[in-house]
Amino acid sequence: MDPLTAVGFASNIVAFVDFTSKLLRAAHTLYVSAAGTTAENLELETLAEHLQLLAKKTAPTSQLRYSSQPLSKEDAALHDLATQCEDLSNQLLVILNSFKVQGRHKKWKSLYQAIRSSRHAAEIDAIQNRLDRIGAQMSSHLLLQRYEKLFEKLESMEAENRRQAINRSQDIGDLWIAMDNTFKQLRLDRDRNNQNMGSLTQIVTHAGKMLRYSHEQDVLRYLRFESMDDRQFAINPAHAVTYSWVFDNDSDFVNWLRSDDNLFWVSGKPGSGKSTFMKYASEHRLLIEHLKVWAGNQTMIVAHFFFWNLGRQQLHKSQEGLLRSILYQIFRQQPGLIVQAYPQQHSIGVASPPVGRELSKDTIPISELLAAVNTISDGLANSNSKYCFFIDGLDEYEGKPNDIISLVKLLKDTLQVKMCVSSRPWNEFEKVFGEDNPNKLYIQDLTRGDIEEYVRDTFERDSGFQEFLEDNDEETLETLDLVSDIVNGANGVFLWVRLVVQSLLEGITNADRVIDLRRRLHSMPKDLNDFFDRILFGVDNFYKQQTSHFFQVTLIAHVTLPLICYWYMDQEDDENDEPEYALGLAIQPLTVQRTTIRLKQMRKRLNACCKGLLEVQFYDSNEDNDALLASSVLFNWKVDFLHRTVRDFLRTPDMQEKLQTWAAPKFNADSAICGAILAQIKTAPQEEEYYKPRGPVEKLSRAFHHHIGPSRGRLMTEYSTTIGQQMSACGIRNHTM
């Protein structure tokens, strides 16, 4: 039996023994009532019925309903004690019923005298003796025997608390000390042959806290979804010298943070830096300082969500994802609110399935999440805290704009929070957030200075550009004036600036003359789609087949694929129907040296074939700490589009036709993905931590199953064989993927 299940089970037994003993020793005065009983007597009767119900809930049949595991010796003893408690409860209720006063003038002076003078006296003594024996067994054997397992569970809870960064560290630390002291007292009592119900009831209190904290962790795991933080991480941080104006004391944004106004809207053109602004603002060290002017002495809680239309998971672009993320962040920072929203599982010893088993859905109904929001709204209002939410990319929500607008309004009004939202200037958003709202900014109107600083700083850091400056006289450089031309041509679109600077530095690397750079700059298209088209036009014909394959795979991939997958994909012979390289590859972990070489090669290959439109990033925000694994470079260096606008461009009919024209006749993106994943699993480290539930190999396996088709029997067979051999090499049994 799980330690927490056992301690909850034992707690009911301890509670029964404690309260029943008090009942038998009670000496309440009995007054006659017209109904033939008294309020005090009725209260005791109700208490007995409650204890009977409590004993039934911990009966073996209830606890075993959700477990097929054989009982250990300790668990069997615990079940036996629970059965005895239920039997004693039945006996006690029968006796108590016999003490109901009959007639108007017949009364006992006290319940104690009634018990001692009745024909049940001997039976009462026997019940008390059995209760004493149960209490002694609980303290001297069962609880002390579970000491190590209980503290192992507490240790795992402490680790989970750190992993999820839940605001319970102090509470769990205090509980650890209190439980240790209580068990020391139990040992002392046992050695002195002294039965102390006080120590046992303290265990009940400690068990209640353990169950509550465990329940909180289960609910947080329930709400969290894979790659919840990936979008926020994938947004490139603001350049070191940009966005400093955001937290100027007299800026509109700072004035809003300090005010009682509850909505701020950030808008701008595609590629102008809205998401970068939202990441910068929500993570900045001065944010809380300015919000405290509004919040006063109350605790300040900040939560955020970044819609991601480019994301592979539906939850990145849905109302469900937004609500789960916001609730998760609120609960993580204020776990005491969890029991208000999810109270049905929070009960010591209640016979119900383990919370983790119930809370294992891939999706959660919007109605349930909204009910949780409504439930905690009163708790938020009375929590001595203030809340500020940052919600980025409303235009990336996969649904009607008015639907997400309604949800934003609902959250704002229900929870009474400050909200900073961002979107493109679509008519729907402009009407609601822009027209009558003084708290707004259009980011392209404010970043001219940032763009200039970015261009200057990037050029100054490039050694090739410094050589270019040394090789040209000042008059020639003034005539060229690259920085001013770029700033004037940007129209506030940071992505355009980044691409232009990249192209100019490439020209300098190729020893472009001043006249070449001027011509290169003036020929740059102002429209991003035209710019992307120009970039692809510059791809060497020799590479266009690989370019098409890389883009097609990235467009349809169910997950953001690791960089090493692209290396394996690139080893395939395009004339084959199936990924023969992957199918024939031996099962053998990659050495560190080979891993480093292949990742370096693939970076160069992607740059040559995709000209920077695919970007490589290291994802270290994984909720399962994959980034801390020794071979995390195999899984956490991932490939994705430079920007959402690139993906949108490649999805246009003209580009889809062009990609099909460039591709090999037999190329199939799904098959290529399955082959690459198979090859990566074949060369993965043979260590258990990589194959754990929700670990890196299991995540790749889910993507494999998503892309595999019924006609790819060889791939499926080879995959099954590979998984079996790899898990066997790790010593893992009875686990499938």
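This passage walks through a sheet, two helices that pack against it, and one further helix in a predicted model.

The sheet is a good place to start. Five strands form an open sheet with parallel pairing, and their order is β2-β3-β4-β1-β5. The edge positions belong to β2 (299-306) and β5 (440-442); each has a single partner strand, so one side of each is left without a neighbour in the sheet. From one strand to the next, the twist averages 10 degrees. The partner of β2 is strand β3 (residues 385-392), and the two pair in the parallel sense over eight bridges. Within this pairing, His-304 has Phe-390 of β3 as its bridge partner.

Two helices can be followed from here. Helix α12 (residues 274-283) packs on the sheet and touches β1 (263-267), β2, β3, β4 (418-423) and β5. The direction of α12 makes about 160 degrees with that of β3. Helix α18 (residues 401-415) lies across β1, β3 and β4, and its angle to β4 is about 170 degrees.

Further along the chain comes helix α27 (residues 544-556), whose length can be checked with simple arithmetic. At 1.5 Å a residue, its 13 residues should span 18 Å, and the end C-alpha atoms lie 19 Å apart, which agrees. Helix α27 is also mostly covered, with eleven of its 13 residues buried. Among these buried residues are Phe-550, Phe-551, Val-553 and Leu-555, together with Lys-544, Gln-546, His-549 and Gln-552. Thr-547, Ser-548 and Thr-554 of α27 are buried as well.

How values were computed
Residues are numbered from 1 along each chain as its sequence is written. This is a predicted model: local features need pLDDT of at least 70, side-chain atom pairs count only at pLDDT 80 or more; totals for chains, interfaces and linings use all residues. Side-chain values use heavy atoms; hydrogens and water are left out. Two strands pair if DSSP finds at least two bridges between them. Helices (H or I, at least four residues) and strands (E, at least two) are DSSP runs, numbered from the N terminus. Axes are lines fitted to C-alpha atoms, for helices over the stretch in contact, and angles run from 0 to 180 degrees between N-to-C directions. Contact means heavy atoms within 4.5 Å. The expected span of a helix is 1.5 Å times one less than its number of residues. Buried means under 20% relative accessible area, exposed over 50%, partly exposed in between (1.4 Å probe, protein chains only).
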